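Visitor: I should like to learn how to read a structure such as this one. Could we take its features one at a time?

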Amino acid sequence: MYSPPVYQALLTRRYLTSKVMPLLASLAVVLCTAMVLITWSVMGGFLLNLTQAGRSLIGDVRIAWPNVGFPHYEDLIQRLEEHPEVEAASPIIETFGMITLLENRTEGILIRGIDGESFARVTNYADTLWWKPLDEPMQKDKAGDDVRLEPGDRDLLRRVYDDGLSLTEIDPDTGVRESALVLGIEVGGWNVRTDWGGYYPRVQFITGSDGSSEMQNLFMPAGGELTVLVVPLDSRGRPMEAVTSRLPVANEFESGLYDVDRQTVLMDLKALQRMLRMHPAKRVVRSDRDEADPLGGFFEEDDTANAAPEPEIVEDPGRVTAVLVKQADPDGDVEAFRERCRAIYAEFAADHPDVPGAGSIGVETWEDANRMMIGAVKKETGLVLIIFTFISFTAVFLVFAIFWAMISEKTKDIGVLRALGASRMGVAWVWLRYGLAIGVVGSLFGGLLAWAIVTNINEIHEGIALSGDWLGRNLTGTPWNWYIWDPKVYVFKEIPHSIEPWKAAFVLIGGLVSCLLGALLPAARAARMHPVQALRFE
Amino acid sequence: MSTVTAQTPVPTEPASSGPLLRVAGLHKTYRLGRVDVPVLHGVDIELGRGEWVAILGASGSGKSTLLHLIGGLDRPDKPSGGRPGATIRFESQDVVAFSHAELNRYRCRDVGFVFQFYHLLPELTVTDNVLLGAMIRLGRFGYMSERAALHETAARLLDAFGLKNRLRHKPAQLSGGERQRVAIARALINDPSLLLADEPTGNLDRKTGAAILDVLAEIRRERGQTMLMVTHDPEIAARADRIVELVDGRVAAQKD
Ligand SMILES: Nc1ncnc2c1ncn2[C@@H]1O[C@H](COP(=O)(O)OP(=O)(O)O)[C@@H](O)[C@H]1O
Ligand SMILES: [Mg+2]
């Protein structure tokens, strides 16, 4: 059995601890591996967040017919849920509306009418509900400042949480359970975001119409009420008169997507259906106007042709704008699942003449719906990685140059080793092992550095921003904004801060291979040296 | 070409069958660009077991070249123009015909080198320098299993050369004479049959050089070590049993 001679390991160890230059090469490897790993982790994490956020918001696939919506969705959901590949399906209405906040500030907003129970099965809705009793502080909340930890508030928070799940609340005056809103946590700016990523309700002085001012604790789920305005469309898509409704706030949600948390209000599906005239209803129809003919009003036909028939009572089924579907296998192929959903919809459409055809209905994954943004991030990640990998070749050249110089310096030693009986390969291995050792040291420390930076990247970012603010104030009198990761720009409020083990392994092995590559030619040169010339070398 | 005169047996030489080393018709030519530089043309030497032979020659006469050829660090000229190839017989082996692997083995086990400029590895301690040859000879497992014994051998050698308290020092912390003694210990670690010394005192002052020669004499007396020493100094050569004079790449004269 071959066992490598001890002198190689010994020399590698001694060179490693006694030479400064190769340690510089190691440092270059540290920086390069760290740089590549950080970029890959943060940008890859961003990409992963994007797709995962999608799953938590719309499930895996959305079958949508916007604005007007489509009927018989209960049947579609039943057909979907009968399929083994489908975990759950949930009806939803997505529409734009207005919301009137405090002091009559009014803002445009995305309103999602959801059925709390099934919505929670398709998305991670329950997790996104912010106000709920907590037993343990969140990971970054080291001081345990989270208001949700208050033992005295447990009952209240438990009730608010349940209300959030059902999107209803008991009216304190009547004792009747009525539909309620669940607001995005950033809507209205009622909550103050802490530096560890939590929220607490703002306390504010409100100036009344009579000029008196009053202190108000803006904990919306406790008695908060807001007015929502939507514009219903008739079945042909024509806007009707706006409808407003004043609803209590049951809870607030935090999806992690800043835009969503800033601009979305959730509402009980049935209540929104009623406001939008999309609820199941009976309707009297005069049959002189053919409902199915959109141009009926323009070409008046000869009235004498058909005599006025009896008025007819039509049952209008409820409608939704989309059905969200969740896949049973969380790691399954989403594209294939989308096609499965499309096929199920086609069967459904074949049985219902009054729903949009299978060819025109929108069946999309989150990635489809956001393909511009996700595609851009994917391309960007790839491009930056390629650039950084190229930059990392400097490490290869650095190792190469330093080793080349070292082998010149160590020519005599190589001659001595050969004179003592070391083989060419043996001498080459001294240098390859040395390169490997530098690679191991460099990659390991690079990995550690990347890990330290990535896991603390939000704190580092905060620190940079604060120091910019401080510097600006002291040097120019105006604070400088050094926030690179502005949540308004980057969708997520936090910079992704985890390293996937396989990526780390890939990059570290890459660093190792680079060092070996750099050491390869110098090692070959050492092996080819003539022992006598090496000994005579001056 | 030149004849080898019969050897006078050295009194201390142990009984043995034939010479340890026989060199005959050794030619070596270096090529400098297009010019051939002949350095050795037809060297013949015999070395008996336990003999201490000095090769005396002016600087540039090809002494080092000869030593490198004998030690298997370089190869003599190939046969050409009707001239037969050189003979280097070590015991019963034909060194000229050795493969690369056999040469490595020969350098490792059969010969030990001592150089004018010591050539210790500066990063290694005195002990590790001495053990280097054993590390090269043995694989990892072999070395590990003999580690204790080898360390003891190294310590004994260094102790004998007055370096008892220097085991953990680096070469840079030693004087020239001490370094050369470490180099001699390194050459002896694998117990070679032949010690080759290339101007071992050439870099030392007279007194220190004399001490090194005392060490060599001691080795020969204690171990019956066969030694081939190269020098340009007749006074130093005189310490050997026999002197072979090298002039213009040939053996000019031999005296006892
Ligand atoms: N690699 C070489 N190429 C050309 N000439 C060489 C080479 N090595 C040695 N020589 C020449 O060979 C001659 C003998 O050198 P060397 O054996 O070192 O002599 P010595 O050891 O007796 O001083 C010198 O003239 C030297 O210049
Ligand atoms: Mg010489």
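Guide: We begin with accessibility. A residue counts as exposed when its relative accessible area is over 50%; B:Asp191 is exposed because its value is 53%. Please bear in mind that this is a predicted model.

Visitor: Where is B:Asp191 found in chain B?

Guide: B:Asp191 belongs to the loop that lies between α5 (176-188) and β7 (194-198) of chain B.

Visitor: What is the value of phi at B:Asp191?

Guide: The general idea is that most residues other than glycine have a negative phi. B:Asp191, a residue other than glycine, has a positive phi near 55°. B:Glu199 is not a glycine either, and its phi is positive, at about 45°.

Visitor: Is B:Glu199 buried or exposed?

Guide: Buried means under 20% relative accessible area. B:Glu199 has 11% relative accessibility and therefore counts as buried. B:Glu199 is placed in the loop between β7 and α6 (206-223) of chain B.

Visitor: How should I read a residue within a strand, for instance B:His27?

Guide: Ask for its element, its accessibility and its contacts. B:His27 sits in strand β1 (residues 21-32) of chain B. With a relative accessible area of 7%, B:His27 is buried. A polar atom of the B:His27 side chain lies 3.5 Å from the backbone nitrogen of B:Gly42.

Visitor: Which side chains point to each face along strand β12 (residues 225-230) of chain A?

Guide: The side chains of that strand alternate. A:Leu226, A:Val228 and A:Val230 point to one face and are buried, while A:Glu225, A:Thr227 and A:Leu229 point to the other and are not.

Visitor: Which strands pair with β12(A)?

Guide: Strand β3 (residues 86-100) of chain A pairs with β12(A) in the antiparallel sense, over four bridges. In addition, β12(A) is joined by six bridges to strand β13 (residues 243-253) of chain A, and these two also run antiparallel. Individual partners can be named as well: A:Val228 in β12(A) stands opposite A:Ile99, and A:Val230 has A:Val243 in β13(A) as its bridge partner.

Visitor: How is chain A divided into domains?

Guide: A domain may be assembled from separate stretches of the chain, as the assignment for chain A shows: domain 1 comprises 6-49 + 377-535, and domain 2 comprises 61-291 + 310-364. Taken over C-alpha atoms, the centres of these two domains of chain A are separated by 49 Å.

Visitor: Why is the site of ligand 1 described as shared between chains?

Guide: One looks at the chains that supply the surrounding residues. The site is shared because residues from chains A and B surround ligand 1. Among them are A:Arg536, B:Tyr30, B:Lys63 and B:Thr65.

Visitor: Which backbone atoms lie close to its oxygen atoms?

Guide: An oxygen atom of ligand 1 is 2.8 Å from a polar backbone atom of B:Gly60. For B:Gly62 the corresponding distance is 3.1 Å, and for B:Lys63 it is 2.9 Å. The protein covers 72% of the 560 Å² of accessible area that ligand 1 has on its own.

Visitor: Which element gives the most to the shell around ligand 1?

Guide: α1(B) gives the most, with three residues. The elements that give two or more residues to this shell are β1 and α1 (63-70) of chain B. By character, the residues of the shell divide into four nonpolar, six polar and two charged.

Note on methods: Residues are numbered from 1 along each chain as its sequence is written. Chains are lettered from A and ligands numbered from 1 in the order in which they are written. This is a predicted model: local features need pLDDT of at least 70, side-chain atom pairs count only at pLDDT 80 or more; totals for chains, interfaces and linings use all residues. Side-chain values use heavy atoms; hydrogens and water are left out. Buried means under 20% relative accessible area, exposed over 50%, partly exposed in between (1.4 Å probe, protein chains only). A polar contact is a pair of N or O atoms within 3.5 Å; within protein, one must be able to donate a hydrogen and the other to accept it, and residues adjacent in sequence count only if both atoms are side-chain atoms. Domain bounds come from an automatic or database domain assignment. Two strands pair if DSSP finds at least two bridges between them. A residue is near a molecule or strand if one of its heavy atoms lies within 4 Å of it. Accessible areas come from the Shrake-Rupley method with a 1.4 Å probe; for residues, only the protein chains shown count as cover. Ala, Val, Leu, Ile, Met, Phe, Trp, Tyr, Cys and Pro count as nonpolar, Asp, Glu, Lys and Arg as charged, and the others, Gly among them, as polar.
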